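Biologist: Hello! I am new to this structure and would like to understand the reasoning behind its labels. Could you take me through a few of them?

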Amino acid sequence: MAFLAKFPLLSRCQPGWMASVLTTLGIDLDYIGKFRVSAGLFVALFVAAWGSLAYVAFASNMHVMSGHAPEHASHGGVLSLMLMVPAMMLPMIAGHLLHIARSLNPRHRLPAMSFFFVCYTGGWVLLLMGALWLASALSSAVAAPFVLLDWLAIALFIAAGFWGKHPANKAFRNRCGRYGVVHVTGFKVYRSMASYAGEVWLRCVLECGLVMVAMVLMVGHSLLLMVLMTALLLTDRYLVVSKNRSVSDGWIAIGVWLLVSQVTGAPHPF
């Protein structure tokens with residue numbers, strides 16, 4: 001590929017294999033070369049989000065190691081969720097962003113991509129904050145509210161495992177890679193971005209909303225859990241060849257591990 005040829009080290013590292021992986025992700029190397037500024041900004045956002053989450057996790061661990069009590073109240077505020085969504089979900093929508101890039105002229109390209117991403121992220125933040133608020137309201141009358149939230153998270157992880165095997169979920173997964181309509185002139189560009197982002201967000205919620213809600217309900221969930229969940233989501237979306245298969249057993253395994261830990265009092269890494 002033309003873009004790959006510009007980097008001798010990459011061109012020697014099995015370019016056919018690399019091109020195959022990127023094609024699976026819905027990404028064309030030549031398009032990355034053509035839209036390297038737009039693509040680079042979102043890659044930088046992805047790296048910055050994970051870096052910020054890692055820093056927060058490190059600071060929290062240092063806080064505990066210094067003899068302070070863990071801050072159980074922090075499930076994740078708006079800022080934490082605004083970091084978490086780009087970190088976990090940007091790879092899930094990479095193909096959609098590049099579809100927008102190649103559909104528009106330079107004048108609208110980056111603003112439209114950014115507006116799409118803001119709409120998509122806003123949908124997730126509103127959903128997760130709303131779910132956390134409802135769960136907190138439900139547990140406010142309970143003597144041990146944090147324990148109740150952990151039990152709800154366990155139930156959602158296990159439910160997500162069975163939902164992932166349901167034929168309806170498999171049908172949603174079949175439609176996840178479909179690109180939306182992108183208008184190319186005037187205000188219609190941004191109206192189509194809002195509609196497109198809403199469609200993609202809804203598909204993602206139907207596919208993996210249960211596990212995302214479960215994660216934010218867990219008191220003080222770790223960076224390891226976010227990394228593991230991101231790996232499972234990407235594997236399920238891109239690397240599971242047959243649409244009749246999934247990694248749903250992974251969600252059940254996480255739920256059962258947390259359940260055993262909750263019952264026995266044994267520590268868990270999540």
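Modeller: Gladly! Let's start with a cut-off: a disulfide is a pair of cysteine sulfur atoms within 2.5 Å. Please keep in mind that this is a predicted model. A search of the whole structure finds 0 disulfides.

Biologist: How do you know that Cys204 is not bonded to another cysteine?

Modeller: The closest cysteine sulfur to that of Cys204 belongs to Cys208, 5.5 Å away. A disulfide needs the sulfur atoms within 2.5 Å, so this pair is too far apart for a bond. Cys208 is likewise in no disulfide, its nearest cysteine sulfur being that of Cys204.

Biologist: Why is Cys204 called buried?

Modeller: Buried means under 20% relative accessible area. Cys204 has 2%, so the word applies. Cys208, with 4%, is therefore buried as well.

Biologist: What makes Lys165 and Asp249 a salt bridge?

Modeller: The cut-off is a side-chain nitrogen of Lys or Arg within 4 Å of a carboxyl oxygen of Asp or Glu. For Lys165 and Asp249 the N to O distance is 2.6 Å, so the pair qualifies. Lys165 sits in the loop between H9 and helix H10, and Asp249 in helix H13, so the bridge ties together parts 84 residues apart in sequence.

Biologist: How many salt bridges does the whole structure have?

Modeller: The search finds 2. Arg203 also forms one with Glu199, their closest N and O atoms being 4.0 Å apart. These two residues are 4 apart in helix H11, so about one helical turn separates them. Arg203 is buried, because its relative accessible area is 17%, whereas Glu199 is partly exposed at 37%.

Biologist: How do you know that the span of helix H12 agrees with its number of residues?

Modeller: Helix H12 covers residues 223-239, which is 17 residues. The expected span is 1.5 Å times one less than the number of residues, so H12 should span 24 Å. Its end C-alpha atoms are 23 Å apart, which agrees. Among the buried residues of H12 are Leu225, Met229 and Tyr238.

Biologist: Which residues touch the most other members of the largest nonpolar core?

Modeller: Those are Trp124, Phe157 and Met212, in a core of 62 residues. H11 gives the largest share, 15 residues.

Biologist: And what makes Val147 partly exposed?

Modeller: Partly exposed lies between under 20% and over 50%. Val147, in helix H9, has a relative accessible area of 36%, so the label fits. Together with Trp151 and Val263, Val147 makes a nonpolar surface patch of about 270 Å².

Note on methods. Residues are numbered from 1 along each chain as its sequence is written. This is a predicted model: local features need pLDDT of at least 70, side-chain atom pairs count only at pLDDT 80 or more; totals for chains, interfaces and linings use all residues. Side-chain values use heavy atoms; hydrogens and water are left out. Buried means under 20% relative accessible area, exposed over 50%, partly exposed in between (1.4 Å probe, protein chains only). Patches are made of residues with over 30% relative accessible area and no salt bridge: like charges are joined within 9 Å, nonpolar side chains (Val, Leu, Ile, Met, Phe, Trp, Tyr) within 5 Å. Accessible areas come from the Shrake-Rupley method with a 1.4 Å probe; for residues, only the protein chains shown count as cover. A nonpolar core is a set of buried Ala, Val, Leu, Ile, Met, Phe, Trp, Tyr and Cys residues joined through side-chain atoms within 4.5 Å.
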